[in-house]
Amino acid sequence: MHLLYLSPGQAARRVNAEDQPEPTGHYWLDVENDESGWCREANRWLNTNLQEAHLAESMEGRMPFYDGTDDYDLLVMRTLDVASPAEAPVTRPVSIFITSRVVVSIRPPGDAVFDRVRERLINGQRKSPESTTTLLSQLLNQIVVQLLDRREAVSGLVTQWQDQLLDHGEPFDAWRGLVRLRTHLGRLEDVSEAQLDALSGWREQTSLVPNTENLSHFDGLEKDLRRVFEHAEAMQNDIDSLVEIHFAIVSQRTNEILRVLTIISVVFLPLNLIAGIYGMNFTHLPFLENLWAPLVTVGLMLCLAALLYFLLSRKRWF
């Protein structure tokens, strides 16, 4: 549990949960949802009792959404689980309660999504935000940055699989990973769309009044979320196209093989017919006892094969 006092223009400082609130400035309470007592502290610093439904929703892995009351706003977003592999990007819920003086962020256990923001504020690398809406924009920016950073890994993985699929030298054996990535990208697309709706809903309905600079930051966040959404959609389309191209190439190779085999069959079937006729156990057959019969028959078979080859070439069968 981390409690920071934020006074505009100054470095943030840690405070104890037992301290009394300052008359000016604002506070940021950052907790993990498995910590004991976080609900009591949130109620105290928000100066209100959180609704039971909101408490349950902050603990569950729900899709992003916004809900507001007369006392506070609730914004549920989802952040990237950095431990998830590139072929299976997973998101985890983050709940943020906002008032004019307090922001309470509730993260999954072990999630360090806000550590960078907190350390920079404490070390003085970034001055304390002027309002809770400014702090909210910084927290949301950290969530979106993690989602944006995963795009390069996903694109690289799709490119790698593309090269393997189009390489006929070795069979492609990563179908499970390809389908898995396609499924997770679909979920990420839904999450990004829901986060856009939640952020837009908060901006339209909140009683807090963001300043012009904050509005510009939120516009940038929405653009970044759209980039995440569009990237997930584009990668899904690339995977679908890649699979279609792969099977089209396989089908073309199969057709080429069948065409060659068909040409060979067309050329040699008449020869097999002739060989079968003269291989019958009959006493009387034309030229059967003629000394030149074998040579004449072989010559006729070669001429027939050459004629068939010429006719097939004229028809451009090969």
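Helices here are DSSP runs of H or I with at least four residues, strands are E runs of at least two, and both are numbered from the N terminus. With that in hand, let us start at a small oddity: Asn47, which is found in the loop between helix H1 (38–46) and helix H2 (52–59). Asn47 has a positive phi of about 60° although it is not a glycine. Asn47 is also exposed, with a relative accessible area of 70%; here exposed means over 50%, buried under 20%, and partly exposed in between, using a 1.4 Å probe and protein chains only.

A word on the model itself. It is predicted, so local features need pLDDT of at least 70 and side-chain atom pairs count only at pLDDT 80 or more, while totals for chains, interfaces and linings use all residues. Residues are numbered from 1 along each chain as its sequence is written, and side-chain values use heavy atoms, with hydrogens and water left out.

Now to the sheet. Seven strands form an open sheet in the order S2-S1-S3-S7-S6-S5-S4, with mixed pairing; two strands pair if DSSP finds at least two bridges between them. Strand S2 (13–14) and strand S4 (65–68) are the edge strands, each pairing on one side only. From S4, walk inward: S4 and S5 are antiparallel and share four bridges, with Asp67 partnered by Leu74 of S5. Next, strand S5 (residues 73–80) pairs with S6 in the antiparallel sense over eight bridges, and Leu80 has Thr91 of S6 as its bridge partner.

Strand S6 (residues 91–98) is worth a pause, since seven of its eight residues are buried. On its other pairing, S6 is joined by four bridges to the antiparallel strand S7 (residues 102–107), where Ser95 stands opposite Ile106. S6 and S7 make a hairpin, with three residues between them.

What packs on this sheet? Helix H4 does, touching S1, strand S3 (26–32), S5, S6 and S7, and its direction makes about 25° with that of S5. H5 packs on the sheet as well, touching S4, S5 and S6, with its direction at about 155° to that of S5. Contact means heavy atoms within 4.5 Å, and axes are lines fitted to C-alpha atoms, for helices over the stretch in contact, with angles running from 0 to 180 degrees between N-to-C directions.

H4 (residues 132–166) also meets helix H3 (residues 115–122), at an angle of about 135° with the axes 9 Å apart. H3 and H4 are therefore oblique to each other, given that angles under 35 degrees count as roughly parallel, over 145 as roughly antiparallel, 65 to 115 as roughly perpendicular and the rest as oblique. H3 brings Arg116, Val117 and Leu121 to the contact, and H4 brings Leu135, Gln138, Leu139 and Gln142.

Finally, look inside. A nonpolar core is a set of buried Ala, Val, Leu, Ile, Met, Phe, Trp, Tyr and Cys residues joined through side-chain atoms within 4.5 Å. The largest one has 34 residues, and those with the most contacts inside it include Trp28, Leu121, Leu136 and Trp202. Among the elements giving two or more residues to this core are S5, S6, H3, helix H5 (175–205) and helix H6 (212–278), while H4 gives the largest share, eight residues. Leu136 touches Leu75, Ile96, Ile98, Trp202 and Phe218, not counting residues up to four places away in sequence. A second, separate core of 20 residues includes Leu3, Tyr5, Leu50 and Tyr72.
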